[in-house]
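Hi everyone, thanks for making the time today. I'd like to walk you through a structure that is new to most of us, so please have a look at it while I talk.

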Amino acid sequence: MTQSYLSIEGIARRFQAPGGKGSTVFEDLWFSMNKGDFAAIIGHSGCGKTTVLNILAGLDAPDEGAVVMDGKAIEGPSLDRAVIFQSHALLPWKSVLGNVAYAVASRHRDWSRDRVRAHAERFIEVVGLKGAEHKKPAELSGGMKQRVGIARALSIEPKMLLMDEPFSALDALTRGTLQDEVRRICLETGQTVFMITHDVDEAIYLADRIVLMTNGPQACVAEIVDNPLPRDRRRLDLHKQPDFYAVRNHLIDFLVERSRTFKDGLPPDYDRRRPPVVRPAHLPPTPPDGVRAA
């Protein structure tokens, strides 16, 4: 059996409240990813999506269980994992080049200044900001700032890219453009990605697998949706894919209806260690009586 590149093994996170009471955000959470996978996690607010991402980033620690990446337990922050936040989180006193170069120099402390600069400039060009290298964040639009954040994260060539709703604050046109660029870059580089999103269409377009979380508190993984759309899908053709609406309807049905009562209706043989993997697919219409399906 092939070992997973990322393995989330029975993690739980609990918070204490005044008066000695506490709450369990999620517990007994299991999930795995192969190298090069693009996974998106969806669930209602309060189910612990951001907490899971913070644990993967090493910014938080589980109360139970462990997370293993590339054969090593995650026990703190590391440049092996890069995070793209909802906000750009740029250093305001540094230029575009300065922000990206700072990350590169942190990753490669033995590199010369010229090599760091050349490497940073390459990723600035990748995200379409060539010519803006010397601008400060205050001189950039929101979309440009987020491009810098993406360039900074990719420039350290991490083993895993973690994205916390990185496009949610952008206008629709800019959001679509950056989604296209991130998808292209990740496909070309084979980047492993874990992303939080509330946007169903974004998850379908970007992700190979979509993790559905039950409602919190005490959330768990309800199921994992295996995206049946081809990996080389294009935005303009997405709605033309025969399986697109099957996947979309399945996700929306979960968020609107099934997530409310999912935990209460778990079958006795439900195994949290092996959440069910489903593959919604378009079914051809039933042929009229007396007519054989091809």
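Let me begin with a question: what volume does the second largest cavity have? The answer is about 40 Å³. Please keep in mind that we are looking at a predicted model.

Let me stay with that cavity for a moment. Its lining is made of V83, I84, F85, S87, H88, Q146, G149 and R152. Strand β6 and helix α4 each supply at least two residues of this lining, and α4 gives the most, with three. If you sort the lining of the second largest cavity by class, you get three nonpolar, four polar and one charged residues.

How do we find such spaces at all? Rolling a probe the size of a water molecule over the atoms shows where empty space is left. For this model, the count comes to three cavities of 30 Å³ or more. The largest cavity has a volume of about 60 Å³. Around the largest cavity you will find G36, D37, F38, R183, C186, L187, G190, Q191, L206, D208 and R231. Helix α5, residues 172-189, gives the most to that lining, with three residues. Here the classes come out as four nonpolar, three polar and four charged.

Now to the pockets, and to one of them in particular. The second largest pocket has a volume of about 400 Å³. It is lined by 17 residues, and the closest to its centre are L79, R81, A82, V83 and I156. Which elements each supply at least two residues of the lining of this second largest pocket? They are β6, α2 (96-107) and α4 (142-155). The lining of the second largest pocket divides into 12 nonpolar, three polar and two charged residues. You may remember V83 from earlier: this residue also lines the second largest cavity.

Let's turn to the sheets. One is an open sheet of seven strands, in the order β6-β7-β8-β3-β9-β10-β11, with mixed pairing. At the edges stand β6 (81-84) and β11 (277-278), each with a single partner strand, so one side of each is left without a neighbour in the sheet. Helix α7, residues 244-261, packs on this sheet and touches β3 (38-42), β9 (209-213), β10 (221-226) and β11. The direction of α7 makes about 170° with that of β10.

If you want to see one pairing up close, look at β7 (residues 160-164) and β8 (residues 192-196). These two strands pair in the parallel sense over five bridges. As an example, L161 has V193 in β8 as its bridge partner.

The other sheet I'd like to show you is an open one of four strands, in the order β2-β1-β4-β5, and its pairing is antiparallel. Its edge strands are β2 and β5 (72-73), each of which pairs on one side only.

We can go through this sheet pair by pair. Strands β1 (residues 6-16) and β2 (residues 22-33) pair in the antiparallel sense over nine bridges, and F15 has S23 in β2 as its bridge partner. On to the next pair: five bridges join β1 to β4 (residues 64-69), again antiparallel. Within that pair, E9 is matched with A66 and L6 with M69. Finally, β4 and β5 pair over two bridges, in the antiparallel sense. The bridge partner of V68 is A73, while that of M69 is K72.

What lies between β4 and β5? They form a hairpin with two residues between them, and D70 in the turn has a positive phi of about 55°. There is also a helix to point out here: α1, residues 49-57, lies across β1, β2 and β4, running at about 120° to β1.

One last topic, and that is charge. Side chains of opposite charge can pair when their charged atoms come close. How many salt bridges does the structure hold? There are 18. One of them joins R235 and D180, whose closest N and O atoms are 3.0 Å apart. This pair links distant parts of the chain, with R235 in the loop between β10 and α7 and D180 in helix α5, 55 residues apart. Thanks for listening!

Definitions and conventions
Residues are numbered from 1 along each chain as its sequence is written. This is a predicted model: local features need pLDDT of at least 70, side-chain atom pairs count only at pLDDT 80 or more; totals for chains, interfaces and linings use all residues. Side-chain values use heavy atoms; hydrogens and water are left out. Two strands pair if DSSP finds at least two bridges between them. Contact means heavy atoms within 4.5 Å. Axes are lines fitted to C-alpha atoms, for helices over the stretch in contact, and angles run from 0 to 180 degrees between N-to-C directions. On a 1 Å grid over the protein atoms alone, a cavity is a set of points where a 1.4 Å probe fits but cannot get out, and a pocket is an open set with protein on both sides within 12 Å along at least five of seven lines; lining residues have an atom within 4 Å of a point. Grid points are joined across faces, edges and corners, and a volume is the space filled by probe spheres set on the points. Ala, Val, Leu, Ile, Met, Phe, Trp, Tyr, Cys and Pro count as nonpolar, Asp, Glu, Lys and Arg as charged, and the others, Gly among them, as polar. A salt bridge is a side-chain nitrogen of Lys or Arg within 4 Å of a carboxyl oxygen of Asp or Glu.
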